[in-house]
Amino acid sequence: MSQVQGNETVKLHYTGKLNNGQVFDSSVQREPVEVKLGEGRLIPGFEKGLVNMKENEKKTITIPKEEAYGEVQKELFQKIPSENLPQDIKPEVGMGLVSKNPDGSERQLRVADVKDGFIIVDANHPLAGQDLTFELELLAIK
């Protein structure tokens with residue numbers, strides 16, 4: 001029976017959980033995920049967790065934040081004057097916003113705080129600073 005070596009295409013189901021058990025993402029009710037390993041499309045700890053798995057194997061892995069989305073970076077918090085926001089937006093803590101970069105690409109932001117005259121936005125990945133647990137089920141190695 002073959003095992004994942006780290007450069008194959010794999011098909012799998014996963015369920016991602018936070019330390020408190022809250023599920024933040026799962027493929028179980030959707031189509032299985034198919035991805036080629038070694039291309040940087042997965043967080044490092046997730047990819048490492050797949051290595052040596054066999055087809056139809058299930059396992060649970062814990063990924064430290066350093067191998068997931070990293071530490072929360074304070075420099076990714078930014079103060080935005082209220083007059084720079086669109087008139088139709090009433091910002092609330094936790095609200096998602098999208099900012100356009102000069103090159104036309106978009107950046108996902110989260111409102112971290114609302115003050116009189118300005119807001120604080122956070123450009124960190126929403127899962128930054130957290131260890132993650134994944135239940136994996138490897139369906140196929142291609």
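This note goes through a predicted model, point by point, from its annotated domain and its cores to its strand pairings and a few individual side chains.

1. **The annotated domain.** An unreviewed UniProt entry carries the annotation "domain: PPIase FKBP-type", and that record assigns the annotation to residues 7-81. In the predicted model, the C-alpha atoms at the two ends of residues 7-81 are 47 Å apart, and the span is made up of 9% helix and 37% strand.

2. **The largest nonpolar core.** The largest nonpolar core has 20 residues, and those that touch the most other members are Val10, Leu12, Phe46, Leu50, Phe134 and Leu136. Two or more residues of this core come from each of strand 1 (9-17), helix 1 (44-50), strand 4 (58-63) and strand 9 (132-141), and strand 9 makes the greatest contribution, with five residues.

3. **Phenylalanine 46 within that core.** Phenylalanine 46 is one of the core residues that touch the most other members. When neighbours within four places in sequence are set aside, phenylalanine 46 is in contact with Leu12, Tyr14, Ile61, Ile63, Phe134 and Leu136, and three of the names in that list, Leu12, Phe134 and Leu136, also appear among the residues of the core that touch the most other members.

4. **A second core.** Separate from the core just described, there is a second one of eight residues, which includes Val111, Ile119, Val121 and Ala123. Two of these residues also meet through strand pairing, since valine 111 has valine 121 of strand 8 as its bridge partner.

5. **Pairing of strands 6 and 7.** Strand 6 (96-100) and strand 7 (106-115) pair in the antiparallel sense over five bridges, and leucine 97 stands opposite leucine 109 of strand 7. The two strands form a hairpin with five residues between them, and in its turn glycine 104 has a positive phi of about 95 degrees.

6. **Serine 105 in the same connection.** Serine 105 lies in the loop between strand 6 and strand 7, where the side chains of serine 105 and aspartate 103 are joined by a polar contact of 2.6 Å. Not counting residues up to four places away in sequence, serine 105 touches Ser99 and Lys100. Serine 105 counts as partly exposed because its relative accessible area, 32%, falls between the 20% limit for buried and the 50% limit for exposed.

7. **Strand 8 and its partners.** Strand 8 (residues 118-122) runs antiparallel to strand 5 (residues 77-81), and five bridges join the pair; in this region, proline 81 has phenylalanine 118 of strand 8 as its bridge partner. Strand 8 is also joined to strand 7 by five bridges, again in an antiparallel arrangement. The hairpin of strand 7 and strand 8 has two residues between the strands, and glycine 117 there takes a positive phi near 95 degrees.

8. **Aspartate 122, a buried acidic residue.** Aspartate 122 has its place in strand 8, and it counts as buried because its relative accessibility is 6%, whereas the limit for that class is under 20%. Leaving aside neighbours within four places in sequence, aspartate 122 is in contact with Leu76, Phe77, Gln108, Leu109, Arg110 and Ala112. The side chain of aspartate 122 also makes a polar contact of 2.7 Å with the side chain of asparagine 124.

9. **A salt bridge between distant parts of the chain.** A search of the whole structure finds eight salt bridges, one of which brings together the side chains of lysine 17 and glutamate 135 at 2.9 Å, N to O. This pair links distant parts of the chain, with lysine 17 in strand 1 and glutamate 135 in strand 9, 118 residues apart. Lysine 17 is partly exposed at 22% relative accessibility, and glutamate 135 is partly exposed at 34%.

10. **Two further salt bridges.** Aspartate 25 and arginine 30 meet through their side chains in a salt bridge of 3.4 Å, N to O; aspartate 25 is partly exposed with a relative accessible area of 29%, and arginine 30 is partly exposed at 45%. Lysine 115 forms a salt bridge with aspartate 113, where the closest N and O atoms are 3.3 Å apart. Lysine 115 is partly exposed with a relative accessible area of 43%, and aspartate 113 is partly exposed at 28%.

Terms used: Residues numbered from 1 in each chain as written. Predicted model: local features only at pLDDT ≥ 70, side-chain atom pairs only at ≥ 80, totals over all residues. Heavy atoms only, no water. Helix = DSSP H or I, 4+ residues; strand = E, 2+ residues; numbered from the N terminus. Buried < 20%, exposed > 50% of the residue type's maximum accessible area, 1.4 Å probe, protein only. Contact = heavy atoms within 4.5 Å. Polar contact = N/O pair within 3.5 Å; in protein donor to acceptor, adjacent residues only side chain to side chain. UniProt positions renumbered as here; feature names shortened; annotations may be inferred. Core = buried A, V, L, I, M, F, W, Y, C linked by side-chain atoms within 4.5 Å. Pairing = 2+ DSSP bridges. Salt bridge = Lys/Arg side-chain N within 4 Å of Asp/Glu carboxyl O.
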